[in-house]
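Subject: Structure handover and findings

Dear colleague,

Please find the structure below, handed over for your use. My findings follow directly after it.

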Amino acid sequence: MVRFFRAMLLALLAPILVAVPTAASAQSKPDLARAKTLILHGKGAEAWAMLEPYEFRLAGQPDYDYLLGVAAIEAGHPARATLALERVLAVNPNHAAARLDMGRAYFALGDYDRARVELQDLLAHDPPPAARDTIERYLAAIKARTHRAGAPTITGHVEASVGYDSNVNAGVSQNSLFLPLFGATFVLAPSVTRQDDDFVALGGGIDVAVPIRESWSMLAGADARQRSYSSLDTFDNRSAELRAGVQHTGERDVTRLTAGTNHYDLDNAAYRRLQSLNVEWRRQLDRRNQFTLYGQDLRIRYLQPAARSESSDMLILGAGGVHTLDEATRSFAFGNLFAGQDTATDQRIDGNRNLVGVRVGVQRALRGDADWYATLGVQYSRYALENPIFALMRRDWQYDLALGVNWRLNDAWSLRPQLGYTRNDATTAINDYDRSEFSVTLRRDWR
């Protein structure tokens, strides 16, 4: 209510105040498009100098007020920014970008309680990645300034899914294959041919961040997943992951170093163990663009005799980014490029492999409480040894496509229907397959 009355008071006074001669009185209105461009290019002070003389005449026009508020923050006038942004929110309380910048203005004023309220509420409404990163950095800075050392931040979630998998075991479509090594056609066992089934899945996770000094935090987390099939219970699987690390949060950068371990069991038997070392650096280039560099060092070990030869050590390096297309419609695009070396450790028949890939995606609001998204991944793998069974050098092109909707039922609950498709186009027929999966996931988050 205070925000509303302050905005209305200024709107009522505007006709009186506008009578005072100003340098801008000879012009009808400022160039809002140019002001927006200046802000996006880090020239907020210039935008402020352009917009501020028109405030008494144009106060109450949301497009002008929003740009004035953002320019005021960038130019070092956070108190003036709150006035402009209050007028925007009086007209449109759901203006997400204005609420984010209101949080920034409160932070600059040292009003950390009100900044926290604005930012945490926005975070609960699933903002785009670039906005989420900004919010999390401000919240981390607020905690560093207002909380005692060692006060933890705890987040968690649980989820349940039902779905259909067209190729549970990533098997080939045909029932027989010609093997050049033997010069004969062999009938394939059911375990390597395509099988479909319905499934249910349960999962959950928890993450803890403990500030240890200004800008530094200790991280720890755990996740668990279980998937059970209706008929093909030999493919029931579960996984558990533990991770820990450190994070440094700067004004525009986040650097994170973590180590983790993952245990994957198939049909109630130990199947795969994975240890990882991960490093990630993210930089917020400006309001609409985020850049990331990352690296992963993986130790992958298969425990069952039939799969043991697939064990390897893998190193992956990548770079990516997120670009906000339109804040009002929560529209953004993202992508990353990566390359890696996969070194066989247990006499894999195809030898070592080099891999390279790209992943891209888009997301856009369908309505106030729902977003649709689409992702596409392409990966090429080149193996070093000729496969003696097929008398071929193995080459794989793998394509992954996902389409879905994330529907926020309220601040804590969400529902996500998703359709996924994978196609692995391999020169060795035993590795050539396609797979479709449809699922509906209900999720509960604690923040």
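R114 has a relative accessible area of 42% and is therefore partly exposed, since the class runs between 20% and 50%. This arginine forms a salt bridge with D111, and the closest N and O atoms of the two are 2.7 Å apart. D111 counts as partly exposed as well, because its relative accessibility is 23%. Please note that the model is a predicted one.

Salt bridges

The pair just described belongs to a wider set: a search of the whole structure finds 36 salt bridges. Two further pairs are set out here.

In the pair of R104 and D101, the closest N and O atoms are 2.6 Å apart. Both residues lie in helix α7, which covers residues 96-109, and they are three residues apart, about one turn of the helix. Is this pair buried or exposed? R104 is buried, and D101 is buried too.

D313 forms a salt bridge with R299, with 3.7 Å between the closest N and O atoms. D313 lies in strand β10 (residues 312-326) and R299 in strand β9 (residues 289-302), so this salt bridge ties together parts that are 14 residues apart in sequence. D313 has a relative accessibility of 22% and therefore counts as partly exposed. R299 is also partly exposed, because its relative accessible area is 34%. Elsewhere, E52, E55, D65, R80 and R87 are joined into one network by salt bridges that share partners.

Helix α3

Helix α3 spans residues 44-51, and its buried residues are G44, A47, W48 and L51. These four cover an arc of only 100 degrees around the axis, so they sit on the same side of α3. Which elements do the buried residues of α3 pack against? The partners are α2 (32-40), α4 (55-58), α5 (62-74) and α6 (78-91).

A nonpolar surface patch

On the surface, a nonpolar patch is formed by L337, V358, V360, L376, L401, L403, L419, Y421 and F438. Together these residues have about 740 Å² of accessible area. The elements that give two or more residues to the patch are β12 (353-367), β14 (392-408) and β15 (413-426). One member of the patch, V358, is found in strand β12. V358 has a relative accessible area of 30%, which means that this valine is partly exposed.

Two residues in strands

N406 lies in strand β14, one of the strands that contribute to the nonpolar patch. With a relative accessible area of 14%, N406 falls under the 20% limit and is therefore buried. Not counting residues up to four places away in sequence, N406 touches D126, D369, A370, D371, Y373, S414, L415 and R416.

R444 is found in strand β16, which comprises residues 433-446. Which residues is R444 in contact with, leaving aside its neighbours within four places in sequence? They are G156, H157, V158, A412 and W413. R444 and A81 are 363 residues apart along the chain, and their C-alpha atoms are separated by 35 Å.

Yours sincerely

Conventions: Residues numbered from 1 in each chain as written. Predicted model: local features only at pLDDT ≥ 70, side-chain atom pairs only at ≥ 80, totals over all residues. Heavy atoms only, no water. Salt bridge = Lys/Arg side-chain N within 4 Å of Asp/Glu carboxyl O. Buried < 20%, exposed > 50% of the residue type's maximum accessible area, 1.4 Å probe, protein only. Contact = heavy atoms within 4.5 Å. Patch = residues over 30% accessible without salt bridge, like charges linked within 9 Å, V, L, I, M, F, W, Y side chains within 5 Å. Areas by Shrake-Rupley, 256 points an atom, 1.4 Å probe, with all protein chains shown as cover. Arc of directions from axis to C-beta.
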